[in-house]
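Here are a few comments, set out point by point, to be read alongside the sequence and the coordinates.

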Amino acid sequence: MNSKMKSTIIGWSFVMISVIMICAFYFYPMIQALLLSFQSGTGANLQFVGLDNYKRLLTDSTFLTAVKNTFIYLIVQVPVMIILALFLSVLLNDRTLKWKGLYRTAIFLPAVTSLVAYSVIFKYLFSNDGLVNTMLLKFSLVPEAVNWLTDPFWAKVTIIIAITWRWTGYNMIFYLSALQNVDQSIYEAAKMDGASAVQQFFKITIPMLKPIILFTSITSTIGTLQLFDEVMNITQGGPGNATTSISQYIYNLSFKYTPDFGYAATVSYFIVILIVIFSIIQFKVAGDRND
């Protein structure tokens, strides 16, 4: 055996280990979940029911409510977070700004906190006698305490605020990293041509960050469609099902209600379908038309 063949075999051996691990821990569970979505029953007593689980989705009022709630989070929170992250990244990219490191760390810090820990903190902050209501009443901004956790509208607002607080800094880091690789001579030339800061932002910054904006939009969409921890720990899906997300409904189907893993797998694959659809739409809308 010559050295070239030997090195090839060794190389493929390393690759095959990764391929086997990926198949065992990613593709095999995905295929099993897909097969499970065509079955129904409890425990090991599963029976093949064809497309019945998928037909059930159309008449399941709790599922439809969870989908509506998740879409509200997606439509409101993701654009707000992306715009806020862009704004903060531009501000913190200013070379004349002092204490930039401190500001960047402070804004990014929520992204590395425990999901459960920060959700519980938000629950206490937005409780009827929490810090938020205390400050609002102290400065006479509201006539009475706001029912942040028990009113359907304000409960959704609380969830959106929590998600935005945690993930804005995470997306900001991507934009900030990209901005630091932009040649400053481009902005200097724009200034000499009389371009204002606003014009520079829309004509230079946004086009230069287009691939990063696409990436963060897709990852944020995927994360929001899989939203679970905040809803589970802050409102438990209440009041009623006013804040229930699709992922929480999957959890309830599997562990809270009478276990129905087949239907839970069906709901899970609905999320997969949504992710694929939204990713394609975002690529078509924001992708490079020349590719």
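1. Thr 221 counts as buried in this predicted model, because its relative accessibility is 3%, where the cut-off for buried is under 20%. The residue belongs to helix α10, which covers residues 210-225.

2. The side chain of Thr 221 places a polar atom 2.7 Å from the backbone oxygen of Ser 217. Leaving aside residues up to four places away in sequence, Thr 221 touches Leu 74, Val 78, Phe 278 and Gln 282.

3. Helix α12, made up of residues 246-256, is largely enclosed by the rest of the structure, because eight of its eleven residues are buried. The buried residues are Ile 246, Ser 247, Gln 248, Tyr 249, Ile 250, Asn 252, Leu 253 and Ser 254, a list that holds polar side chains such as those of Gln 248 and Asn 252 as well as nonpolar ones such as that of Leu 253.

4. Helix α1, residues 3-36, contains Phe 25, and this residue is exposed, with a relative accessible area of 59%. Phe 25 is also one of the residues of a nonpolar surface patch, whose other members include Ile 10, Phe 14, Met 21, Tyr 26 and Leu 35; taken together, the residues of the patch have about 1200 Å² of accessible area.

5. Ile 20 is likewise found in helix α1, and it counts as exposed because its relative accessibility is 53%, the cut-off being over 50%. The C-alpha atom of Ile 20 is separated by 34 Å from that of Glu 230, a residue 210 positions apart from it along the chain.

Technical notes
Residues numbered from 1 in each chain as written. Predicted model: local features only at pLDDT ≥ 70, side-chain atom pairs only at ≥ 80, totals over all residues. Heavy atoms only, no water. Helix = DSSP H or I, 4+ residues; strand = E, 2+ residues; numbered from the N terminus. Buried < 20%, exposed > 50% of the residue type's maximum accessible area, 1.4 Å probe, protein only. Polar contact = N/O pair within 3.5 Å; in protein donor to acceptor, adjacent residues only side chain to side chain. Contact = heavy atoms within 4.5 Å. Patch = residues over 30% accessible without salt bridge, like charges linked within 9 Å, V, L, I, M, F, W, Y side chains within 5 Å. Areas by Shrake-Rupley, 256 points an atom, 1.4 Å probe, with all protein chains shown as cover. Salt bridge = Lys/Arg side-chain N within 4 Å of Asp/Glu carboxyl O.
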